[in-house]
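Subject: Structure for your review

Dear colleague,

Please find below the sequence and structure that I am handing over to you. My findings follow underneath.

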Amino acid sequence: MICLFAGLLLLSACGQSEKNKNEELIKNAETVLKGKVEIPETYFKTKEQVTAEFDSVGLKPKFVVANFDEAAKYNKRFLRKGECNQISSDQGSVKYYDTKEVGDKHGFYADKGATIIVGYSDHDFDGTKNETSSTEESSSTVTSSSSTSAEKEEIATSQESQSLAFEPKDVSDQTIKSIKTYQDYLTMYQAIINNYFSDYESLIKDTVLYDQASFEEQKKQYDASFEEQKKQYEQYGNKRLVGKDSLVDFLISYRDSLKNITDNLAKSLQ
């Protein structure tokens, strides 16, 4: 009973600490973001769409020609003339606020009324096509060359798909820092939660602290947290991360906070 009481006190303290931290972040966000507006997503949107969305939040776009064909290839999509690139933070009017500063309100912000530079494509580009090797094609007959090209294209596509599949084997700093896309970020976030519950269950499984119903209820709370992350980032899929350093820092901090819970619980059970 003493162990049970100690465990409940520990969990209650951790929950209160997290609540206080969230309240502080909310207050800080209100101060830091006062007079600022979040910049709408511009990636692969038309100039007309960007103009309308910027106007709705009190921002002004300044369109400049930019080449982001590689982004179209990476995302395997057809880039149309007039579509826009991601916002660059390398301009004085734009600032990225991470979760450590503003919690769930993290993102790119600018002062209301600011003019934001937005790159756009001045040409069409088909990013869905795979490059072929003209040297190999010229070294064989038309039939064999077409067959070889098709086989290589299939292998290349398969290898590319495999390289895009992010499957973390652990939750180390190195693994977290290896994320490249928004889907990678979500996969890593889920892996951290799974690792936490694996460690947590191992600690209390054979003690009086273990209650299946309570354990499942706690998992639901973390699942809800993950769903919130999905709502924010799932739409971007395999697009390259913007503000990767901040997202990596958040994941490491999140992992460490969960590890502190299991570490403290382990000490209380000694």
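**Helix packing, a pocket and one serine**

Helices α8 and α9 pack with their axes 10 Å apart, at an angle of about 170 degrees. Please note that the model is a predicted one. Angles over 145 degrees count as roughly antiparallel, and α8 and α9 are therefore roughly antiparallel to each other. On the α8 side, the residues that meet α9 are Y182, Y185, L186, Y189, Q190, I193, Y196, F197, Y200 and E201. Their partners in α9 are F215, Q218, K219, Y222, S225, F226, Q229, K230 and Y233. Sorted by class, this contact of α8 with α9 holds 12 nonpolar, 4 polar and 3 charged residues.

Helix α8, which spans residues 182-204, also packs with α10. Here the axes are 10 Å apart and the angle is about 5 degrees. Angles under 35 degrees count as roughly parallel, and α8 and α10 are therefore roughly parallel to each other. From α8, the contact draws on Y182, Y185, M188, Y189, I192, I193, Y196, D199, Y200, L203 and I204. From α10, it draws on L247, F250, L251, Y254, R255, L258, I261, T262, L265 and A266. The residues of the contact of α8 with α10 comprise 18 nonpolar, 1 polar and 2 charged. Y182, Y185, Y189, I193, Y196 and Y200 of α8 appear in the contact with α10 and also in the contact with α9.

One residue of α10 deserves a separate remark. S246 lies in this helix, which covers residues 244-268. Is S246 buried or exposed? Its relative accessible area is 17%; the cut-off for buried is under 20%, so S246 counts as buried. Beyond its neighbours within four places in sequence, S246 is in contact with Y96 and D98.

I also looked at the second largest pocket, which encloses about 470 Å³ of space. It is lined by 21 residues, and those closest to its centre are E38, E41, G107, F108 and Y236. Two or more lining residues come from each of β5 (107-111) and α9 (212-233). Which element gives the most to this lining? That element is β5, with 3 residues. By class, the lining of the second largest pocket has 11 nonpolar, 6 polar and 4 charged residues. Helix α9 thus has a place both in this lining and in the contact with α8.

Yours sincerely

Terms used:
Residues numbered from 1 in each chain as written. Predicted model: local features only at pLDDT ≥ 70, side-chain atom pairs only at ≥ 80, totals over all residues. Heavy atoms only, no water. Helix = DSSP H or I, 4+ residues; strand = E, 2+ residues; numbered from the N terminus. Buried < 20%, exposed > 50% of the residue type's maximum accessible area, 1.4 Å probe, protein only. Contact = heavy atoms within 4.5 Å. Axes fitted to C-alpha atoms, helices over the stretch in contact; angles between N-to-C directions. Parallel < 35°, antiparallel > 145°, perpendicular 65-115°, else oblique. Nonpolar A, V, L, I, M, F, W, Y, C, P; charged D, E, K, R; others polar. 1 Å grid on protein atoms, 1.4 Å probe; cavity = no way out; pocket = protein on both sides within 12 Å on 5 of 7 lines; lining within 4 Å. Points joined across faces, edges and corners; volume = space filled by probe spheres on them.
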